[in-house]
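Please read these points with the model open beside you. They are meant to be checked one at a time.

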Amino acid sequence: MQLNDIAARLDRAFGDELPISEGLLVAGDLQRLLADDSYQLYLQDQVSRQVIRDYLTNAVVLGHLPEAHLDRFSGQIATQEGRNALSLYMLMHAVEDAGFLVEHEETGSLQPLGSAPAPTPNLTLVPK
């Protein structure tokens, strides 16, 4: 098992990167680039790719996920929404849970949280 091979397999599965900017970049155009929505999407996608790459590489190296199971993530990590959902799940779960990801498709898409009424705060002030 080679770490570079694992990273290369995942990079191929990610597919094409998002464009950095919607317009042509010229010298001195840094402010416009940083404010561009496309750049923000590009940055988020790069972060998601890195989280997924690191998580799955660690899961394989630590023995929590067989290397042969990496291909099972190809469909999900090929889309931006799939990468966002999967990286969020990975940030919230330990590498030891990697086997769960292979068995369940629950991380396939992001769903907005319901607007359940928040419980009334219960604060009690203690006098000095």
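1. Start with Val 47, which sits in helix H3. The model is a predicted one, and in it Val 47 has a relative accessibility of 46%. Values between 20% and 50% are called partly exposed, so Val 47 falls into that class.

2. Which residue lies 37 places along the chain from Val 47, with 9.0 Å between the C-alpha atoms? That residue is Asn 84.

3. Now turn to Arg 12, a residue of helix H1, which covers residues 3-14. Its relative accessible area is 61%. The cut-off for exposed is over 50%, and therefore Arg 12 counts as exposed.

4. Arg 12 also has a distant partner in sequence to look at: Ala 78 is 66 residues away along the chain, while the C-alpha to C-alpha distance is 9.0 Å.

5. Next, the interior. The largest nonpolar core is made of 21 residues. Leu 56, Leu 65, Phe 73, Ile 77 and Met 90 have the most contacts inside this core. At least two core residues come from each of H1, H3 (37-61), H5 (80-92) and H6 (98-103). The biggest contributor is H3, with six residues. As background, nonpolar side chains tend to be buried together in soluble globular proteins.

6. Finally, take Leu 65 as one example from the core. What does Leu 65 touch, once neighbours within four places in sequence are set aside? Its contacts are Leu 56, Ala 59, Val 60, Leu 70, Phe 73, Ala 98 and Val 102. Two of these names, Leu 56 and Phe 73, also appear among the core residues with the most contacts.

Conventions. Residues are numbered from 1 along each chain as its sequence is written. This is a predicted model: local features need pLDDT of at least 70, side-chain atom pairs count only at pLDDT 80 or more; totals for chains, interfaces and linings use all residues. Side-chain values use heavy atoms; hydrogens and water are left out. Helices (H or I, at least four residues) and strands (E, at least two) are DSSP runs, numbered from the N terminus. Buried means under 20% relative accessible area, exposed over 50%, partly exposed in between (1.4 Å probe, protein chains only). A nonpolar core is a set of buried Ala, Val, Leu, Ile, Met, Phe, Trp, Tyr and Cys residues joined through side-chain atoms within 4.5 Å. Contact means heavy atoms within 4.5 Å.
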